[in-house]
Amino acid sequence: MDFEIVRMQRSIPDEMVMEVQFIVTKMRDDHYVSIPLQAIELPKKLKDDPTFIEFQDLTKQNVIDWIGEQLGSDKLQDLENQLDAKLDEAINPTVVVGLPW
């Protein structure tokens with residue numbers, strides 16, 4: 001499961017990230033699936049908090065870690081299960097769309 005960070009909202013002047021929007025994706029063989037845009041709000045941290053990271057020093061992995069912390073293991077597993085179900089359906093479809101002519 002991969003996270004594509006789409007947008008981050010931050011406050012000024014403290015450069016505190018307040019919200020992260022992301023898409024969750026997964027690929028198996030030649031099949032790619034995704035779960036539409038998700039968003040999380042982040043708890044406010046003070047600059048003297050030892051876990052505070054300056055905006056310009058953030059990495060994608062820092063933000064992905066925040067997403068995981070906010071969602072929790074149950075929600076992360078639920079997203080993984082949804083992606084796996086979508087991949088299973090893409091690889092072995094049970095429904096097809098089309099016209100007979």
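How many bridges join strand 2 to strand 3, and in which direction do the two strands run?

## Strand pairing and the hairpin

In this predicted model, strand 2, covering residues 17–28, is joined to strand 3, covering residues 31–41, by nine bridges, and the two strands run antiparallel. Within this pairing, E19 stands opposite E41 of strand 3. Two residues lie between the strands of this hairpin, and D29 there adopts a positive phi near 55 degrees.

## Overall fold and dimensions

The chain contains three strands and one helix, and their order along the sequence is β-β-β-α, so that the helix is read after the strands by the DSSP-based numbering from the N terminus.

The radius of gyration of the chain is 18 Å, whereas a compact globule of 101 residues would have a value near 13 Å. Along the principal axes, the C-alpha atoms fill a box of roughly 65 × 30 × 20 Å.

## Burial and contacts

Of the 101 residues in the chain, 25% count as buried, a class that takes in residues with under 20% relative accessible area. Among the contacts with a separation of 6 or more, 51% are made by residues 24 or more positions apart.

## Surface and charge

The accessible surface of the chain comes to about 7000 Å², and carbon and sulfur atoms account for 53% of that area. As for charge, the chain carries 20 negative and 10 positive side chains, with the centres of the two sets lying 4 Å apart.

Methods: Residues numbered from 1 in each chain as written. Predicted model: local features only at pLDDT ≥ 70, side-chain atom pairs only at ≥ 80, totals over all residues. Heavy atoms only, no water. Helix = DSSP H or I, 4+ residues; strand = E, 2+ residues; numbered from the N terminus. Rg over C-alpha atoms; globule rule 2.2 N^0.38 Å. Buried < 20%, exposed > 50% of the residue type's maximum accessible area, 1.4 Å probe, protein only. Contact = heavy atoms within 4.5 Å. Areas by Shrake-Rupley, 256 points an atom, 1.4 Å probe, with all protein chains shown as cover. Lys, Arg positive; Asp, Glu negative; His and termini not counted. Charge placed at Lys NZ, Arg CZ, Asp CG, Glu CD. Pairing = 2+ DSSP bridges.
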